[in-house]
Amino acid sequence: MCYSLTIAVKRQYFILLLFCIALNMKQIICWFLIFVMMMSCIPNRKLIYFKDQGFSTTQATAIQNEPKVYALQPGDVINVRIKTLDAESSANFNIMPDQGVFNFNAPGLYINSYSIDSAGMIELPGAGSLKLAGLSIDAAQKKIKLSVHEFLNDAMVIVKLVSFKVTVLGEVANPGYYYVYSDQATILEGLGLAGDITDFGNRENITLVRQSDSGSEAILLNLRDSDILRSEFYYLSPNDVIYVQPLKAKSKRSNIATLNILSVFFAAVTATVLALNYIDDK
C-alpha cells in the first residue's frame, strides 16, 4: 500500500483518467497513467527505521554498545575556563571574560577558544605549551588543572569541545552543518538536527564519511537494520559527514511535476469536452 502521494496529486491523476474517458481513448493509455502513478509512489515499508520483529512491546530489548571516548586531535577547538575565588587572578588565564560566556555565538566561541595545532599543542597563558592531542576531554581537563596549580590554588578547570560539528547532506529536510553541544551524539540525532530523512531518502544506504589519522574513511549504513544500534558508527565523531542517498523514486518526481502541469490543461479540455457532449445530447 502506498501513502506517499498527496491528495492533490491523486486528484490530478483522477482528472487525467476522466480526460481519457471523455475522449473515448484506448484503455491502454488509462492503464499507463495508473502505472505511472503507482511507480511514482513509495511503499510505506521503505520509510520504516529498524525493521526488526525481534523487538518486544512489553519489555525493552537490551543492546550493548558502549560509545568510545573521543581523543582530541590536531585541528580541534576547545574552550577552556579557569575559575577561582580570586576572579582577577583566574582572568589572566581566560581568553574570554566571564560575562562574555553568556552572550556567545558560534563564531565568537571559536575565536575565543584554543585550536590544537598540528603538533597537538595549545599555548595556555602563564602555563606555556601543553600537548593535548590523544587525550580525552576529562584527561585534558586534569592536565590543564595540574599545569595551573602552581599559580592558582584550588582552581576549577572546565574544558569543552566546541568544534563538534557534523554535516548532513542529501535527502534530508534541512541539509547543512550543525554544531553538537554534547559529549556524545548518535547518527539519529544528527539526522534529527537536519529535520529527518525525506520520503525520497534511502534509509538502507546512508554514507558516513569520517576523518581518520590517514585521511578519510567511508562506510554505508542501513538504518532499517537494528544492528546499526550495535555498530561503532552509531555514535558520531566531530566533523562527520552524513549523506543520505536518494531512492530511485526521486527521479520520477520530475515526471510527476510534468503530469501536474499537463493535468491543469487536461482539466480544462475535459470540462470543455464534457460540456460539448452534454450540448450534443440536448
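**Figure 1. D227 and its partner R230.** D227 is partly exposed in this predicted model, with a relative accessibility of 45%. Its side chain meets that of R230 in a salt bridge, with 3.1 Å from N to O. R230 also counts as partly exposed, at 41% relative accessibility. Side chains of opposite charge can pair when their charged atoms come close. The count of salt bridges comes to 4, and the pair of R230 and D227 is one of them.

**Figure 2. A salt bridge between two loops, K68 to E232.** Here the side chains of K68 and E232 meet, with an N to O distance of 3.3 Å. Where do the two residues sit? K68 lies in the loop between α2 and β1, whereas E232 lies in the loop between β9 and β10, so this salt bridge ties together parts that are 164 residues apart in sequence. K68 is exposed, because its relative accessibility of 62% is over 50%. E232, at 45%, counts as partly exposed.

**Figure 3. The salt bridge of D240 and R210.** The closest N and O atoms of D240 and R210 are 2.7 Å apart, and the two residues form a salt bridge. D240 is in the loop between β9 and β10 and R210 is in strand β8, so the pair links distant parts of the chain, 30 residues apart. Are these residues buried or exposed? D240 counts as buried, at 0% relative accessibility. R210 is buried too, because its relative accessible area of 10% is under 20%.

**Figure 4. The five-stranded sheet.** This view takes in an open sheet of 5 strands with mixed pairing, in the order β7-β6-β10-β8-β9. Its edge strands are β7 (176-179) and β9 (215-221), each of which pairs on one side only. From one strand to the next, the twist averages 20 degrees. Strands of a sheet pair through backbone hydrogen bonds, either parallel or antiparallel. The next three views look at individual pairings in this sheet.

**Figure 5. β6 and β7 side by side.** Strand β6 (residues 165-170) and β7 run antiparallel and are joined by 4 bridges. The two strands form a hairpin, with 5 residues between them. To find your place in the pairing, look for T167, whose bridge partner in β7 is Y177. Y177 also helps to make a nonpolar surface patch of about 390 Å², together with Y179 and Y181. Of these tyrosines, Y179 has its place in strand β7. Y179 is partly exposed, with a relative accessible area of 32%.

**Figure 6. β6 and its parallel neighbour β10.** Which strand pairs with β6 in the parallel sense? The answer is β10 (residues 241-246), over 4 bridges. A handy landmark is L169, which stands opposite Y243 in β10. For contrast, keep in mind that β6 and β7 run antiparallel.

**Figure 7. The hairpin of β8 and β9.** Strand β8 (residues 201-212) is joined to β9 by 7 bridges, and the two run antiparallel. How many residues lie between β8 and β9 in this hairpin? There are 2. V209 has A218 as its bridge partner in β9. Strand β8 also holds R210, the salt-bridge partner of D240.

**Figure 8. The three-stranded sheet.** A further open sheet has 3 strands in the order β2-β1-β5, with antiparallel pairing. At its edges are β2 (114-115) and β5 (156-161), each pairing on one side only. β1 and β2 pair in the antiparallel sense over 2 bridges, and I78 stands opposite Y114 in β2.

**Figure 9. G75, in the loop before β1.** G75 is found in the loop between α2 (27-39) and β1 (77-83). G75 counts as exposed, because its relative accessibility of 52% is over 50%. Its C-alpha atom and that of S118 are separated by 7.0 Å, although the two residues are 43 residues apart along the chain.

**Figure 10. Confidence along the chain.** A closing view deals with the pLDDT values of the model. The chain averages a pLDDT of 77, and 67% of the residues score at least 70. Where is confidence lowest, and where is it highest? It is lowest in α2, with a mean of 53, and highest in β6, at 96. Where pLDDT is low, the predicted coordinates should not be read in detail.

Methods:
Residues numbered from 1 in each chain as written. Predicted model: local features only at pLDDT ≥ 70, side-chain atom pairs only at ≥ 80, totals over all residues. Heavy atoms only, no water. Buried < 20%, exposed > 50% of the residue type's maximum accessible area, 1.4 Å probe, protein only. Pairing = 2+ DSSP bridges. Axes fitted to C-alpha atoms, helices over the stretch in contact; angles between N-to-C directions. Patch = residues over 30% accessible without salt bridge, like charges linked within 9 Å, V, L, I, M, F, W, Y side chains within 5 Å. Areas by Shrake-Rupley, 256 points an atom, 1.4 Å probe, with all protein chains shown as cover. pLDDT = per-residue confidence, 0-100.
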